[in-house]
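Trainee: Hey, can we go through this one together? I'd like to learn how to read it bit by bit.
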Amino acid sequence: MLRELVADRELAAIGGTAFAVTPALREAYASGDDEELGEVAMAEAARASLRLLAAEREAIGESEDIPESDHPDDAAPLTGGSPVYRRAVVAADVTGAKLRPDLDDAVVRLAGPISYQQIASVHVDLADAEPQVAKAVDVVDAADLGDTDAEFVLGDAEDHQLAWYAAQELPFLLELL
């Protein structure tokens with residue numbers, strides 16, 4: 001998705017789903033300023049990115065069963081056959097997002113794609129997080145269902161801080177991945 005963002009100069013979130021500091025999120029925390037609540041929303045987005053990595057891995061696994069000559073152009077793996085196991089969160093200034101009270105407190109639905117100009121920053125795991133992120137991809141659903149062992153594995157990945165990048169640094173970051 002980050003490669004598409006750089007190429008197309010816009011990002012269409014899957015299902016329009018994004019994360020923000022919402023009234024429900026504010027109500028869920030007895031204290032905390034906007035910066036602290038923003039960190040909570042970012043953590044929720046980082047956890048959601050684990051599901052995107054799982055979907056990418058599944059799609060690549062399915063596409064590996066097809067002979068290379070039969071791959072449609074848009075189905076070819078982007079990373080040489082396996083996902084890059086790094087969580088990524090794009091922080092953007094948007095308007096018109098709708099609250100999603102049927103989902104978690106920080107979830108919103110975007111009105112449309114995010115343009116490159118709206119991006120405030122990009123947050124991505126460093127390389128040392130990859131082993132823990134890869135394990136977390138395997139157990140994120142089990143952790144959400146209350147599996148305590150899975151929660152510990154997920155916690156190991158979430159212990160890694162996401163690195164901050166300016167939007168204009170994204171093309172260079174992607175070259176390094």
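Trainee: Where does R9 sit?

Mentor: R9 is in the loop between α1 (2-8) and β1 (10-11). Keep in mind that this is a predicted model, so treat what we say as a reading of that prediction.

Trainee: Okay. What is the phi of R9 like?

Mentor: R9 has a positive phi of about 65° although it is not a glycine.

Trainee: And which ring does R9 lie over?

Mentor: That's Y116: R9 lies over its face, at 3.7 Å from the ring centre.

Trainee: Is R9 buried or exposed?

Mentor: In between. R9 counts as partly exposed, with a relative accessible area of 41%.

Trainee: Since we're on rings, how many aromatic pairs are there in the whole structure?

Mentor: Zero, after a search of the whole structure.

Trainee: Let me zoom out. How many helices and strands does the protein have?

Mentor: Six helices and eight strands. Going along the sequence, the pattern reads α-β-β-α-α-β-β-β-β-β-α-α-β-α.

Trainee: Which strands make up the open sheet, and in what order?

Mentor: Three strands form it, in the order β3-β7-β8, and the pairing is antiparallel.

Trainee: Why do β3 and β8 each have one side without a neighbour in the sheet?

Mentor: Because β3 (88-92) and β8 (163-165) stand at the edges, and each has a single partner strand. As for the twist, the average is 25° from one strand to the next.

Trainee: How many bridges hold β3 and β7 together?

Mentor: Five bridges, in the antiparallel sense, with β7 covering residues 119-124. If you want one to look for, take A91, whose bridge partner in β7 is S121.

Trainee: New topic: salt bridges. How many are there?

Mentor: The count comes to nine salt bridges. A good one to start with is R47 with D144, where the closest N and O atoms are 3.1 Å apart.

Trainee: What does that pair tie together?

Mentor: R47 lies in helix α3 (residues 34-63) and D144 in helix α4 (residues 130-144), so the pair ties together parts that are 97 residues apart in sequence.

Trainee: How exposed are R47 and D144?

Mentor: R47 is partly exposed, at a relative accessible area of 27%. D144 is partly exposed as well, at 39%.

Trainee: Which other residue meets R47 in a salt bridge?

Mentor: E158 does, at 2.9 Å from N to O. Here E158 belongs to helix α5 (residues 148-158) and R47 to helix α3, so this pair ties together parts that are 111 residues apart in sequence. E158 is partly exposed too, with a relative accessible area of 32%.

Trainee: Which residues are linked in a network of salt bridges?

Mentor: R47, R51, D141, D144 and E158. Try showing those side chains together on your screen.

Trainee: Will do. What about R57, which residue does its side chain meet in a salt bridge?

Mentor: D138, at 2.8 Å from N to O. That pair links distant parts of the chain, with R57 in helix α3 and D138 in helix α4, 81 residues apart.

Trainee: Are R57 and D138 buried or exposed?

Mentor: R57 counts as partly exposed, at 28% relative accessibility. D138 is exposed, with a relative accessible area of 52%. The cut-off for exposed is over 50%, so D138 makes it into that group.

Trainee: Got it. Now T22: where is it found, and is it buried or exposed?

Mentor: T22 is in the loop between β2 (17-19) and α2 (23-28). At 4% relative accessibility, T22 counts as buried.

Trainee: So which residues does T22 touch?

Mentor: Leaving out residues up to four places away in sequence, T22 touches L99, D105, A106 and V108.

Trainee: What about Q168, where is that one?

Mentor: Q168 is in the loop between β8 and α6 (170-176). Unlike the buried T22, Q168 is exposed, with a relative accessible area of 57%. Q168 and A120 are 48 residues apart in sequence and 9.8 Å apart in space, C-alpha to C-alpha.

Trainee: Last one: how much of the protein counts as buried?

Mentor: 32% of its 177 residues. And among the contacts with a separation of 6 or more, residues 24 or more positions apart account for 74%.

Conventions
Residues numbered from 1 in each chain as written. Predicted model: local features only at pLDDT ≥ 70, side-chain atom pairs only at ≥ 80, totals over all residues. Heavy atoms only, no water. Pairing = 2+ DSSP bridges. Helix = DSSP H or I, 4+ residues; strand = E, 2+ residues; numbered from the N terminus. Axes fitted to C-alpha atoms, helices over the stretch in contact; angles between N-to-C directions. Phe/Tyr/Trp six-rings, centres within 6.5 Å; stacked < 30°, edge-to-face > 60°. Lys NZ or Arg CZ within 6 Å of the ring centre and 35° of its normal. Salt bridge = Lys/Arg side-chain N within 4 Å of Asp/Glu carboxyl O. Buried < 20%, exposed > 50% of the residue type's maximum accessible area, 1.4 Å probe, protein only. Contact = heavy atoms within 4.5 Å.
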